[in-house]
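This report introduces a single protein chain to a reader who has not met it before. Please keep the sequence and the structure in view while reading.

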Amino acid sequence: MSTPLEIRNSATGKIFPAIGPFLIGAIFAFGALQGLAAGAAGGWVLVIVLLALGCLALGFFIARGAFDKSVKVVLDDTGFRDRRAGDVLVPWRNVLSVRLASGGKGAAMLNFELTGEPPDEIKYSAVNALSRMLPFGKNIVHMEISSLDVQRQDMIAAIRRLAPHVAIDG
């Protein structure tokens, strides 16, 4: 039995995406202060304050994952388990292929093609729910990996080692 690969959140993979909402929230907050100083109508200032608070809350929501050191994804001899998407084991015998989809610099997602439909816990997770609405790809499980503390090539190497029968594209 091989040693399982336990993957956690990456601090930089969570902090850097939070910078944008923080900056936008700060800009809105500055605009609200400028509006108050200029004597703008209270309704408009309130709208800007609410936008600032919403952006700052989104930034905190994204950044909080940087401090979560629990295991998010496990790959072992039996299959893979993504605790962010249903926390259910998908056995390697149900996996036909794996495709690395890169959405640009640093963004990455693994798409697992299964022999049948994925378990309901995975089907209705946030990442996979959209593909359920499409007429194709109902047997695909999406796993976002750009926010994890593993390199793409290490993840692919682990899949090759643990499930040599799975075709890998990318």
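The sections below describe the chain as a whole, then a group of strands, and then selected surface residues.

## Overall architecture

The model is predicted. The chain contains five helices and eight strands. Their order along the sequence is β-α-α-β-β-β-β-β-α-α-β-α-β, with β standing for a strand and α for a helix.

Of the 170 residues in the chain, 36% are buried. The accessible surface amounts to about 9,700 Å², and carbon and sulfur atoms contribute 65% of that area. Among the contacts with a separation of 6 or more, 61% join residues that lie 24 or more positions apart.

## Strand E2 and its partners

How many of the five residues of strand E2 are buried? Strand E2, which spans residues 71-75, is mostly covered, and five of its five residues are buried.

Strand E2 pairs with two strands that are described here, E1 and E3. Strand E1, residues 5-8, is joined to E2 by four bridges in the antiparallel sense. Within this pairing, Arg8 has Val71 of E2 as its bridge partner. Strand E3, residues 79-82, is also antiparallel to E2, with three bridges between the two strands. Here Leu75 is matched with Phe80 of E3. Three residues lie between E2 and E3, and the two strands form a hairpin.

In a regular strand, the side chains alternate between the two faces of the sheet.

## A nonpolar patch on the surface

Which residues make the nonpolar surface patch of about 530 Å²? The patch is made by Ile15, Phe16, Ile19, Leu23 and Phe67.

One of these residues, Ile15, belongs to helix H1, which covers residues 11-38. Ile15 has a relative accessibility of 33% and therefore counts as partly exposed, a class that lies between the limits of 20% and 50%.

## Gly42 in helix H2

Gly42 is located in helix H2, which runs over residues 42-63. Is Gly42 buried or exposed? Gly42 counts as exposed because its relative accessibility is 55%, and the exposed class comprises values over 50%.

Gly42 can also be placed relative to Ala32, ten residues away along the chain. The C-alpha atoms of Gly42 and Ala32 are 9.8 Å apart.

Key: Residues are numbered from 1 along each chain as its sequence is written. This is a predicted model: local features need pLDDT of at least 70, side-chain atom pairs count only at pLDDT 80 or more; totals for chains, interfaces and linings use all residues. Side-chain values use heavy atoms; hydrogens and water are left out. Buried means under 20% relative accessible area, exposed over 50%, partly exposed in between (1.4 Å probe, protein chains only). Contact means heavy atoms within 4.5 Å. Accessible areas come from the Shrake-Rupley method with a 1.4 Å probe; for residues, only the protein chains shown count as cover. Two strands pair if DSSP finds at least two bridges between them. Patches are made of residues with over 30% relative accessible area and no salt bridge: like charges are joined within 9 Å, nonpolar side chains (Val, Leu, Ile, Met, Phe, Trp, Tyr) within 5 Å. A salt bridge is a side-chain nitrogen of Lys or Arg within 4 Å of a carboxyl oxygen of Asp or Glu.
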